[in-house]
Amino acid sequence: MKKILNILLCFVCVIIIILSLAFTFIEARLLLSLDWSIYDNPANGFIRYLFRLVLALFALAIGLFEIINVFKKEKIELLLLLSDFSLLIMSIIIAIFSTNYVGLVCLGLSILLLIIKLPIFYIKRKHVK
């Protein structure tokens, strides 16, 4: 059971890494090409693009650290679980304010990551005690 959950976790994390790399490229290109300067309020546009880039980089880091944690067995499970919850909160905010179903994809992937992660966290905590 634990091996199947770890395989599913790695699969979902690879999908998250691929999507976050794509979004990182898109948002960094938009930020560096000064696309935010065409808004009525350029500072507001810059902050929007910057936060979307930070979110994509955060999702990339979570995916990488989850895969590293599966193979290294370090003691960062609680930190990763908290970061997964924060990714879920950010995905809910993106789902509310985004268009073209990007927010729903982010929300679905973060929920799937938590659904797989919670039993693994419970199994690890059960064996520690």
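From the N terminus on, the elements of the chain follow the order α-α-α-α, and the secondary structure of this predicted model accordingly comprises 4 helices and 0 strands. Taken along the principal axes, the box filled by the C-alpha atoms of the chain has dimensions of roughly 55 × 25 × 20 Å.

Confidence in the prediction was examined for the chain and for its elements. The mean pLDDT of the chain is 81, and 91% of the residues reach a value of 70 or more. Among the elements, helix H1, which spans residues 2-32, has the highest mean pLDDT, at 86, whereas the lowest, 76, belongs to helix H4, formed by residues 102-128. As a general caution, predicted coordinates should not be read in detail where pLDDT is low.

The packing of the helices was described through the geometry of their axes. For H1 and H2, the axes come within 8 Å and cross at roughly 155 degrees; because this angle is over 145 degrees, H1 is roughly antiparallel to H2. The crossing in which H1 passes H2 is left-handed. Helix H2, comprising residues 42-72, also packs with H3, at an angle of about 150 degrees and with the two axes 11 Å apart. H2 and H3 are therefore likewise roughly antiparallel to each other, and H2 passes H3 in a crossing that is again left-handed.

Charged side chains were then considered, given that side chains of opposite charge can pair when their charged atoms come close. A search of the whole structure finds 2 salt bridges. A salt bridge joins the side chains of Glu27 and Arg52, with a distance of 3.4 Å from N to O. This pair links distant parts of the chain, since Glu27 lies in helix H1 and Arg52 in helix H2, with their positions 25 residues apart in the numbering. The helices H1 and H2 connected by this contact are those whose axes come within 8 Å.

On the surface, a nonpolar patch of about 540 Å² is made by Ile89, Ile92, Ile93, Ile96 and Phe97. Of these contributors, Ile89 is located in helix H3, which covers residues 77-97. Helix H3, to which Ile89 belongs, is also the packing partner of H2 in the arrangement with axes 11 Å apart.

Definitions and conventions
Residues numbered from 1 in each chain as written. Predicted model: local features only at pLDDT ≥ 70, side-chain atom pairs only at ≥ 80, totals over all residues. Heavy atoms only, no water. pLDDT = per-residue confidence, 0-100. Helix = DSSP H or I, 4+ residues; strand = E, 2+ residues; numbered from the N terminus. Patch = residues over 30% accessible without salt bridge, like charges linked within 9 Å, V, L, I, M, F, W, Y side chains within 5 Å. Areas by Shrake-Rupley, 256 points an atom, 1.4 Å probe, with all protein chains shown as cover. Salt bridge = Lys/Arg side-chain N within 4 Å of Asp/Glu carboxyl O. Axes fitted to C-alpha atoms, helices over the stretch in contact; angles between N-to-C directions. Parallel < 35°, antiparallel > 145°, perpendicular 65-115°, else oblique. Left-handed = near helix turned anticlockwise from the far one by under 90°.
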